[in-house]
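Subject: Structure handover

Hi,

Here is the structure I promised to pass on. Please open it alongside this note.

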Amino acid sequence: MITGGSSGIGAATARRFVAEGAEVLITDINMEAADALAAELGDAVTTFRCDVKSEAEVKAAAEAAYARWGKVDVLVNNAGSELNRPYDETTEDEWDHVLNTDLKGPWLMCKHFVPPMVKAGSGSVINISSLNGLVGFPLSTAYGSAKGGLVVFTRDMAIELATTGVRINCVCPGVIETGMMERWTDRMPDKEAAQTMLKGVMPIGRMGTADEVAGSILFFASADSSLCQGAVLSVDGGFTAQ
Ligand code: NAP
């Protein structure tokens, strides 16, 4: 089960999971993209519309998923929304939109998808936070607060779930070449200069690919990470090693 699974890191994760033989449920608000990916990947993929900001939609998605499959093994809380704005120019609506998508969304998903996992005694939840959740950046108060909150939420949930057989861990990608980064460079006065700057952010001297993040998500989904509970994995080309 992958939220925001129709593009970028979510889509790369869907591709990897299908290649590993999983049945994948993609939820998104962009159903055109979700259905196009499902058509490409075939019968293993099902799509539902679900806005992670809405408890009613998350609850309906959980009920439909459990009615259809009886169990969900892996929940990837990937849907996200970014904002680059000075703290004193951020509007209340922008703050709420980012916090509701990037922090309330994963909580709502856990609230409605995890209890049946607990009942079954197994499951893996992977939250997609960010480099912005670990270190400070300019113009990042809303996004960074949401992603930093998601790191702490992961750790708190890990303690609540510790003896249930359900694991919850967190991946913090660095600068990854996806639609989100494309939108960010589109907003810059000089797109080419912004792209060159992004390539220099991570010590490895390039941006990461969505597939490189999908590999770490697959690790937390698999039994290879059976001792990981509340782990926070930087997938950032050395940025946090500096
Ligand atoms: P992306 O290509 O924009 O994909 C995000 C997907 O989530 C889109 O399909 C988007 O739909 C969907 N979405 C947005 N709001 C939603 C909502 N309320 N409910 C359900 N789906 C929603 O972005 P990405 O770069 O792959 O990012 C995936 C995750 O990685 C995000 O949580 C992001 O914060 C995190 N991340 C990304 C980077 C990076 O460099 N790209 C770095 C660190 C962390 P629409 O297209 O309609 O908006």
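Below is what came out of it, element by element. Keep in mind that this is a predicted model.

**Strand β5**

Start with β5, residues 123–128. Six of its six residues are buried, so the strand is largely enclosed by the rest of the structure. In a regular strand, side chains alternate between the two faces of the sheet. Here G123, V125 and N127 point one way from β5. S124, I126 and I128 point the other way. Both sets are buried.

**Its partners**

β5 pairs with β4 (residues 74–77) in the parallel sense, over four bridges. L75 stands opposite V125 in that pairing. β5 also pairs with β6 (residues 166–173), again in the parallel sense, over six bridges. There, G123 stands opposite V166 in β6.

How are these strands connected? Helix α4 (residues 92–120) joins β4 and β5 in a right-handed β-α-β unit. Helix α5 (residues 141–161) does the equivalent job for β5 and β6, and that β-α-β unit is right-handed too.

**A closer look at L75**

L75 lies in strand β4. Is L75 buried or exposed? Its relative accessibility is 0%, so L75 counts as buried. What is L75 in contact with, leaving aside its neighbours within four places in sequence? The list is M1, M109, C110, F113, M117, S124, V125 and I126. Take S124 from that list. S124 and L75 are 49 residues apart along the chain, yet their C-alpha atoms are separated by 6.4 Å.

**Helix α8**

Next, α8, residues 210–221. The helix has 12 residues, which should span 16 Å at 1.5 Å a residue. The end C-alpha atoms are 16 Å apart, so the model agrees with that expectation. Which residues of α8 are buried? They are A210, V213, A214, S216, I217, L218 and F220. What covers them includes α1 (8–19), β4, β5, β6 and β7 (232–235).

**Salt bridges**

The structure holds 13 salt bridges. Three of them are set out here, including one that reaches far along the sequence.

- R183 and E82: their side chains meet at 3.4 Å, N to O. R183 lies in helix α6 (residues 179–186) and E82 in the loop between β4 and α4, so the pair ties together parts that are 101 residues apart in sequence. E82 is buried, with a relative accessible area of 14%. R183, at 41% relative accessibility, counts as partly exposed. Both residues belong to a network of salt bridges with R187.
- R206 and E212: the distance is 2.8 Å, N to O. R206 is partly exposed, with a relative accessible area of 37%. E212 also counts as partly exposed, at 38% relative accessibility.
- E57 and R49: the side chains meet at 3.4 Å, N to O. E57 counts as partly exposed at 26% relative accessibility. R49 is partly exposed, with a relative accessible area of 44%.

**To look at in the viewer**

Begin with β5, between its pairings with β4 and β6. Then go to L75, opposite V125. Move on to α8 and its buried residues. Finish at the network of E82, R183 and R187.

Best wishes

Terms used
Residues are numbered from 1 along each chain as its sequence is written. This is a predicted model: local features need pLDDT of at least 70, side-chain atom pairs count only at pLDDT 80 or more; totals for chains, interfaces and linings use all residues. Side-chain values use heavy atoms; hydrogens and water are left out. Buried means under 20% relative accessible area, exposed over 50%, partly exposed in between (1.4 Å probe, protein chains only). Helices (H or I, at least four residues) and strands (E, at least two) are DSSP runs, numbered from the N terminus. Two strands pair if DSSP finds at least two bridges between them. A crossover is right-handed if, with the strands pointing away from the viewer, the path from the first strand over the helix to the second runs clockwise. The expected span of a helix is 1.5 Å times one less than its number of residues. Contact means heavy atoms within 4.5 Å. A salt bridge is a side-chain nitrogen of Lys or Arg within 4 Å of a carboxyl oxygen of Asp or Glu.
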